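Here's a quick briefing to read with the model open next to you. Have a look around first, then come back for the tour.

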Amino acid sequence: MSKFYYLLIMACPLLIVEMQETFQVGYDSGAHSINLKKIRRFLLLNSPSANYANYCSGCHGEKMDAFVDRKWKHGETKENLFKAIKYGYPDDGMPAFDTTFTDQETYELTDYILAGIKNVKKYDFKDVPRTSNIFSSEAQDIRLDTIASGINVPWSMTFLPNGEMLITERSGKLYRLTKEKKLQNIDGVPDVLAEGQGGLLDIALHPAFGKNHLIYFSYSMPQKSDSGVLATTAVMRAKLKGNKLTAQKNIFIALPFSKTRHHFGSRLQFGKDGCLYVSVGERGNEKQNPQNLNNHLGKIHRIKDDGTIPADNPFAGRNDAVASIYSFGHRNPQGLTIDPLTGKLWSTEHGPRGGDEVNIIGKGRNYGWPVISYGINYNGTIFTNITAKEGMEQPVLYWNPSIAPSGMAFVTGDRYKNWKGNLLVGSLRFKYLNRCVLKGNKIVRQEMLLKNIGRLRDVRMGPDGYIYVSVESPGAILRLTPIRRKMP
Ligand code: HEC
C-alpha cells in the first residue's frame with residue numbers, strides 16, 4: 001500500500017508535465033496514448049509480467065495457460081507474436097495493443113511468453129532413441145525386462161496369489177500370463193464396445209480372492225437404441241475357474257448410457273474399508289453430468305463387493321442423489337490407488353488442456369469440474385476464469401501441459417530404496433513414467449522416467465516387490481528391475 005502512495009506522489013509532477021504536453025499538442029488520440037505509455041512506464045507498471053497480468057490474463061489465463069500447449073494459429077516466432085500483439089486479430093477477438101505498448105514493451109512481452117512456454121519443450125523427447133533396456137534416473141538405475149508382448153493395448157493388469165498375472169486388452173480379451181510367460185485366453189468376458197476410449201478396461205481381485213476366486217473388471221457396455229449403439233461404464237464380478245469365468249454378474253452400471261465413445265474413466269480400487277471404488281468419466285458432457293448428483297457420470301463411486309450400497313455413503317438415503325456416489329465434479333479419472341501409509345484414496349484425472357490433476361478423494365467432496373479448473377478448452381477457448389471456489393477441492397497437483405495421466409501406484413517394499421513412498425503415474429501423451437516425491441500430502445518433486453517408452457497405460461506394484469508397467473502399440477508388460485549404478 002505504502003509503495004502505491006509513494007509511486008502516486010512521485011507521479012504527480014509527471015502527470016502535470018504530461019497534461020501540459022497534451023494541451024500544447026492538442027488532444028488527439030495519438031498524443032494521448034503516448035502520454036499514457038509514459039505514465040505507465042514512470043509508475044513502473046510496465047514490466048512484462050505486470051503487462052501480461054493487466055492486459056492479457058483476462059482472456060489468455062493467469063498462467064499463460066492458453067499459450068503453453070498451444071497450436072499456434074499465426075506462428076510462434078518472436079516476430080509472429082509481436083505482430084499479433086501489436087496489430088491484433090480483431091476479427092478473431094484479439095485486440096490490437098499498438099496504442100498501449102511501445103515496441104520495446106511488446107518485444108518484452110513476447111520474450112516473457114516464449115520463456116513461459118519453454119516449459120512444454122521439456123517433454124519433447126519424441127526423438128530420444130531407445131538404444132538399450134537400461135534407464136538411469138536421479139536415484140536409481142533400472143533394467144527393463146519384457147514380461148509379456150503381443151497385446152495391443154494392455155489397459156490393466158493384476159497379480160494372482162500364485163505369481164501369475166491377469167491382463168486386460170482393450171479390444172475385449174482377458175489373458176492369464178503363466179509363470180512360463182505364456183498368454184492364455186480366459187473365456188466368459190461379456191461383449192464390450194471397443195471403440196474410441198472404450199473396451200475391456202480395468203481389473204481387480206477381491207481382497208479375499210484366495211478364498212472366493214472373485215475378480216472384477218470394468219468395461220464399456222453397449223446398448224442398442226433407435227439412435228444407434230449407446231455405451232456406458234459397467235463393472236462385472238465373476239468367479240475365475242481355471243481359464244473360465246463363471247457366475248458373471250454386472251454389479252454396477254453407470255447411467256445414463258450415452259452416444260459418445262470417450263471419458264469412460266473406469267479404474268477399480270478396493271479400499272482399506274473393503275469397499276470397491278469405481279471412477280466414471282463425464283462422457284464428454286460436462287454441462288450436464290459432473291455437478292449433477294442425479295446421474296453416475298463424472299463421479300467416483302463406492303460400492304460393496306456385491307454391488308450394494310454402503311449405508312455410510314455420503315448421499316445414501318437422499319432421493320435427489322445417486323446413492324453410490326462418493327465424490328463428484330470429475331472429468332475423466334483414469335487412475336486410482338490407495339496410499340499404503342494413510343489408506344487415503346488418490347486419483348489422477350484427465351482434465352481440459354493444461355488441467356490434468358492429481359487429487360486425494362474425500363467423502364462427498366466436489367472436485368469442481370467444470371466450474372473451476374486450471375485448464376482451458378482444447379480448442380484454446382476459455383470456459384472458466386476461476387481456479388478455486390468455496391466448497392470445491394483443490395488438486396494436489398495439476399499438469400500444464402497435460403500429460404494424459406493413466407494408472408498410478410505407490411512404491412512399496414525395499415527393492416527401490418530411493419523411491420520408497422514415491423507415487424508413480426503413467427503418461428499416455430508424453431510416453432513416460434512420472435515419479436512424484438511426496439512430503440505429506442504434497443508433491444514436492446517430479447522426475448521423468450522411461451522416456452519414450454510408449455503410451456504408458458498402467459503401473460502396478462507386484463507382490464514380488466517389483467514395479468510393472470504396461471505400454472501400448474506395440475503393447476507390452478515390462479518389469480523395472482533395479483540395477484547397481486555403473487561407476488563413471
Ligand atoms: C479480449 C480478449 C483478449 C485479450 C485481452 C488479449 N487477447 Fe490475445 N487473443 C485473443 C483471441 C480471441 C485470440 C485469437 C485466438 C485464435 O485466433 O485462436 C488471440 C490471439 C493472440 C495471439 C496469437 C495466437 C496464435 O495462435 O497465433 C497472441 C500472441 C496473443 N493473442 C497475445 C496476447 C497478449 C500478449 C495479450 C496481452 C497484451 C493479449 N493477447 C490480450 C483474445 C485476447
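What follows covers the ligand shell, the nonpolar cores and two sets of strands.

This is a predicted model: local features need pLDDT of at least 70, side-chain atom pairs count only at pLDDT 80 or more, and totals for chains, interfaces and linings use all residues. Residues are numbered from 1 along each chain as its sequence is written.

**Around the ligand**

- The ligand has 20 residues around it, where a residue counts if its C-beta atom, placed from the backbone, lies within 6 Å.
- Cys 56, Cys 59, His 74, Gly 93 and Met 94 are the closest of them.
- Two elements, α3 (48-60) and α4 (78-87), give two or more residues to this shell; helices (H or I, at least four residues) and strands (E, at least two) are DSSP runs, numbered from the N terminus.
- With five residues, α3 gives the most.
- Sorted by class, the shell holds twelve nonpolar, five polar and three charged residues (Ala, Val, Leu, Ile, Met, Phe, Trp, Tyr, Cys and Pro count as nonpolar, Asp, Glu, Lys and Arg as charged, and the others, Gly among them, as polar).

**Nonpolar cores**

- A nonpolar core here is a set of buried Ala, Val, Leu, Ile, Met, Phe, Trp, Tyr and Cys residues joined through C-beta atoms within 7 Å; buried means 20 or more other C-beta atoms within 10 Å of a residue's own, with C-beta atoms placed from the backbone.
- The largest core has 80 residues, and Ile 167, Leu 424 and Ile 467 have the most contacts inside it.
- Strand β9 (residues 228-241) supplies the largest share of this core, six residues.
- Apart from it lies another core of eight residues, including Tyr 52, Ile 85, Leu 109 and Ile 113.

**The β7-β10 sheet**

- Four strands make an open sheet with antiparallel pairing, in the order β7-β8-β9-β10 (two strands pair if DSSP finds at least two bridges between them).
- β7 (200-205) and β10 (244-253) sit at the edges with a single partner strand each, so one side of each has no neighbour in the sheet.
- Twelve bridges join β8 (residues 214-225) to β9, and one of the bridge pairs is Met 221 with Thr 232 in β9.

**The β19-β20 pair**

- Five of the six residues of β19 (residues 405-410) are buried, so the strand is largely enclosed by the rest of the structure.
- β19 and β20 (residues 423-427) run antiparallel, joined by four bridges.
- Ala 409 stands opposite Leu 424 in β20.

Terms used
A residue is buried if 20 or more other C-beta atoms lie within 10 Å of its own, exposed if 12 or fewer, and partly exposed in between; C-beta atoms are placed from the backbone.
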